[in-house]
Amino acid sequence: MRAIQISELTGPGSLHLAELAAPKQPKDHVLIQVEAAGVAFPDLLLSRGQYQLKPPVPFIPGSEVAGTVIAAPTDSALREGDRVAALALLGGFAEQAVAPLPAVYKLPDGVSFAEGAALPMNYLTVEFALDRRGQLSANDTVVVHGAAGGVGTAALQFLKWRGARSIAVVSTDEKIPVARAAGADEVVLVESFRENIAELTNGNGADIVLDPVGGDRFTDSLRCLSPEGRLLVVGFTAGDIPSVKVNRLLLNNIAVVGVSWGTFALARPGFLADQWSALHPGIVSGQLRPPIAAELTFEQANEALRMLDERRVQGKIVLRP
Ligand SMILES: NC(=O)c1ccc[n+]([C@@H]2O[C@H](COP(=O)([O-])OP(=O)(O)OC[C@H]3O[C@@H](n4cnc5c(N)ncnc54)[C@H](OP(=O)(O)O)[C@@H]3O)[C@@H](O)[C@H]2O)c1
């Protein structure tokens, strides 16, 4: 099969097409004919050896796919030919991939393979972040950083679906319509986000800030919280890992909450399936439907990572074999 490999950890440019043996189907796993693979920020970090997961080289990146079932455990509800989305963790940038049975979900009619491949990582993360770690309620006002990116657009759709109010933060004017289309009630530019959020909340602040970006906006994000507000630490696309003086938390009765969805979900049997069930009505109704920024070919995998690295993605990129 054709697959994209990383053989050296030098970032975008290091991905190359290879002809490899198709993966074997381990026990309790599903073998999938890949029609689309989601490209996520962790793939960029993996290409530099900067992700928490450090597979030995060479390896095939790609954490999420959509396609059709080639073979599934006989005691499962899946049959050959079923359309599925799956969390493969690694190995998704290939014509065939395997995923553990609890991480494979039937794709509802009307959801394309590209959309399906863009669902698992970001939407399950956002559900975990906002519902479980953030204790979201429909009355909340939620600030979303990196709002035109993959996690950001998923969060905005999720908040609209749940009836909460969202304020999106983006870096450029051209990203404003992307955030609006994903359901943002308000969109502000990063350079003036603190003042704008104060104004939009009548000085009360937001209940939750969802932050996949980190870096130097972190302290201002804390200043945007209302009493008992929660800042959800989701990622560090800006590069720097911020630190916090905890007296700020004490004085303002606010919390910084860590979000590590993968480690939490994978250690708890049944958790992923419950999450997918929770999202399912929104996926079927179309309210949770990833905005696809570009469908690129395997040959363009390096360009996909460059787009993430250069902050050019609006929504989600998927690769087609
Ligand atoms: N904690 C978890 O369980 C979990 C799960 C999944 C993903 N994540 C993390 O969530 C983060 C977002 O992932 P994603 O797939 O949504 O990424 P993405 O689509 O590239 O979006 C990230 C956003 O970050 C902003 N950004 C700010 N500075 C940047 C920089 N120097 N380089 C690139 N982007 C920058 C950009 O928005 P602006 O240009 O508008 O600022 C961009 O749209 C990643 O760190 C990823 O590892 C965490």
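So, let's start at Ser76, which sits in the loop between strand E4, residues 64-71, and strand E5, residues 83-87. One thing to keep in mind while you look: this is a predicted model. Is Ser76 buried or exposed? Its relative accessibility comes out at 8%, and the cut-off for buried is under 20%, so Ser76 counts as buried. Its side chain has a partner, too: a polar atom there lies 3.2 Å from the backbone nitrogen of Leu78.

Stay in that loop for a moment, because Asp82 is also found between E4 and E5. Asp82 has 19% relative accessibility, and since buried means under 20%, Asp82 counts as buried as well. Which backbone nitrogen does the Asp82 side chain reach? That's Arg79: its backbone nitrogen is 2.8 Å from a polar atom of the Asp82 side chain.

Okay, now the strands on either side of the loop. E4 and E5 are paired antiparallel, with five bridges between them. E4 also pairs with strand E3, residues 29-39, again in the antiparallel sense, and here there are seven bridges. If you want one residue to follow through this, pick Thr68 in E4. Gln33 stands opposite Thr68, and in E5 the bridge partner of Thr68 is Arg83.

Let's go back to the start of the chain. Strand E1 covers residues 2-6, and four of those five residues are buried, so E1 is largely enclosed by the rest of the structure. What does E1 pair with? Its partner is strand E2, residues 15-19, and the two run antiparallel, joined by five bridges. One of the pairs to look for is Arg2 with its bridge partner Glu19 in E2.

Next, a pocket. I'm talking about the second largest one, which has a volume of about 180 Å³. Which elements give two or more residues to its lining? Those are strand E7, 104-106, and helix H10, 271-285. The lining includes Val104, Tyr105 and Lys106, and also Ala273, Trp276 and Ser277. Leu78 is in the lining too, and you've met Leu78 already, as the residue whose backbone nitrogen lies 3.2 Å from the Ser76 side chain. Ala77, Leu101 and Pro102 are also among the lining residues. By type, the lining splits into eight nonpolar residues, one polar and one charged.

Now for the ligand. How many residues surround the ligand? There are 25, and the closest are Gly150, Val151, Ser171, Lys175 and Val259. Let me point out some backbone contacts. For Val151, a backbone N or O atom lies 2.7 Å from an oxygen atom of the ligand. For Val234, a backbone N or O atom is 2.9 Å from a ligand nitrogen atom. And at Phe236, a polar backbone atom is 3.5 Å from an oxygen atom of the ligand.

Last stop: Val209, which lies in strand E11, residues 206-211. Its relative accessibility is 0%, so Val209 counts as buried. How far apart are the C-alpha atoms of Val209 and Leu232? They're separated by 6.0 Å, although the two residues are 23 residues apart along the chain.

If you open the model afterwards, try Thr68 and find Gln33 opposite it, then look for Arg83 as its partner in E5.

Terms used:
Residues numbered from 1 in each chain as written. Predicted model: local features only at pLDDT ≥ 70, side-chain atom pairs only at ≥ 80, totals over all residues. Heavy atoms only, no water. Buried < 20%, exposed > 50% of the residue type's maximum accessible area, 1.4 Å probe, protein only. Helix = DSSP H or I, 4+ residues; strand = E, 2+ residues; numbered from the N terminus. Pairing = 2+ DSSP bridges. 1 Å grid on protein atoms, 1.4 Å probe; cavity = no way out; pocket = protein on both sides within 12 Å on 5 of 7 lines; lining within 4 Å. Points joined across faces, edges and corners; volume = space filled by probe spheres on them. Nonpolar A, V, L, I, M, F, W, Y, C, P; charged D, E, K, R; others polar. Near = heavy atom within 4 Å. Polar contact = N/O pair within 3.5 Å; in protein donor to acceptor, adjacent residues only side chain to side chain.
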